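The following exercises ask the reader to work through one protein structure, step by step. Each task is followed by a worked solution.

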Amino acid sequence: MITSIVFVQVDTSRIPEVAESIAELDGVSEVYSVTGAIDLIVLVRTRSHEEIAQVVSDRLNKIDGVIETETHIAFRALSKVDLQAAFSLGFEE
């Protein structure tokens, strides 16, 4: 599985609708609304580079309100986080 991280600049008045439209695309696993120079961070998980092009270039970029995208492809995952442990307050069950 190939993971791509896509930075998305959006028409500010349309961020919620654009985020929802992106989240509905096949291949998109997560969409985050963030602070900073970009508006959304999108995680795309596909089996091939061609599928990344289909998701990002052919569909995501054509959503009304998307201004610009920047795509980064992850080479490898260096750590996996156990979310349950990360949010644990140290209480034993």
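The accessible surface of the protein chain comes to about 6,700 Å², and 51% of this surface belongs to carbon and sulfur atoms. Accessible areas come from the Shrake-Rupley method with a 1.4 Å probe, and for residues only the protein chains shown count as cover. The model is a predicted one, in which local features need pLDDT of at least 70 and side-chain atom pairs count only at pLDDT 80 or more, while totals for chains, interfaces and linings use all residues. Residues are numbered from 1 along each chain as its sequence is written, and side-chain values use heavy atoms, with hydrogens and water left out.

**Exercise 1. The elements of the chain**

Task: State how many helices and strands the protein chain has, and in what order the elements run.

Solution. Helices (H or I, at least four residues) and strands (E, at least two) are DSSP runs, numbered from the N terminus. By this rule, the protein chain has three helices and four strands. Read from the N terminus on, the elements run β-α-β-β-α-β-α.

**Exercise 2. The sheet**

Task: Determine the order of the strands in the sheet, and identify the edge strands.

Solution. Two strands pair if DSSP finds at least two bridges between them. The four strands form an open sheet in the order β2-β3-β1-β4, with antiparallel pairing. The edge strands, each of which pairs on one side only, are β2 (28–33) and β4 (66–73). From one strand to the next, the twist averages 20°.

The next step is to examine the individual pairs. Strand β1 (residues 2–10) and strand β3 (residues 40–46) are joined in the antiparallel sense over seven bridges; within this pairing, S4 stands opposite V44 in β3. Strands β2 and β3 also run antiparallel, joined by five bridges, and here V44 in β3 is the bridge partner of V28. β2 and β3 form a hairpin with six residues between them, and G36 in the turn has a positive phi of about 110°.

**Exercise 3. Helix α1 and the core**

Task: Describe where helix α1 lies, and find which residues have the most contacts inside the largest nonpolar core.

Solution. Helix α1 (residues 15–23) lies across β1, β2, β3 and β4 and runs at about 165° to β2. Axes are lines fitted to C-alpha atoms, for helices over the stretch in contact, and angles run from 0 to 180 degrees between N-to-C directions. Contact means heavy atoms within 4.5 Å.

Buried means under 20% relative accessible area, exposed over 50%, and partly exposed in between (1.4 Å probe, protein chains only). Of the 93 residues of the protein chain, 28% count as buried. A nonpolar core is a set of buried Ala, Val, Leu, Ile, Met, Phe, Trp, Tyr and Cys residues joined through side-chain atoms within 4.5 Å. The largest such core has 19 residues, and those with the most contacts inside it are V8, I22, L40 and V42. At least two residues of this core come from each of β1, α1, β3 and α2 (49–59).

I22 can then be followed outward: leaving aside residues up to four places away in sequence, I22 touches V8, V28, V31, L40, V42, L60, I63 and V66.

**Exercise 4. The salt bridges**

Task: List the salt bridges, and state which residues are joined into one network.

Solution. A salt bridge is a side-chain nitrogen of Lys or Arg within 4 Å of a carboxyl oxygen of Asp or Glu. A search of the whole structure finds three.

- R14 forms a salt bridge with E17, with the closest N and O atoms 3.7 Å apart.
- D64 and R14 meet through their side chains at 3.0 Å, N to O. D64 lies in the loop between α2 and β4 and R14 in the loop between β1 and α1, so the pair ties together parts that are 50 residues apart in sequence.
- R45 forms a salt bridge with E30, with the closest N and O atoms 3.3 Å apart. This pair links R45 in strand β3 to E30 in strand β2, 15 residues apart.

Salt bridges that share partners join R14, E17 and D64 into one network. As for accessibility, D64 is exposed at 60% relative accessible area, whereas R14 is partly exposed at 25% and E17 is partly exposed at 38%.
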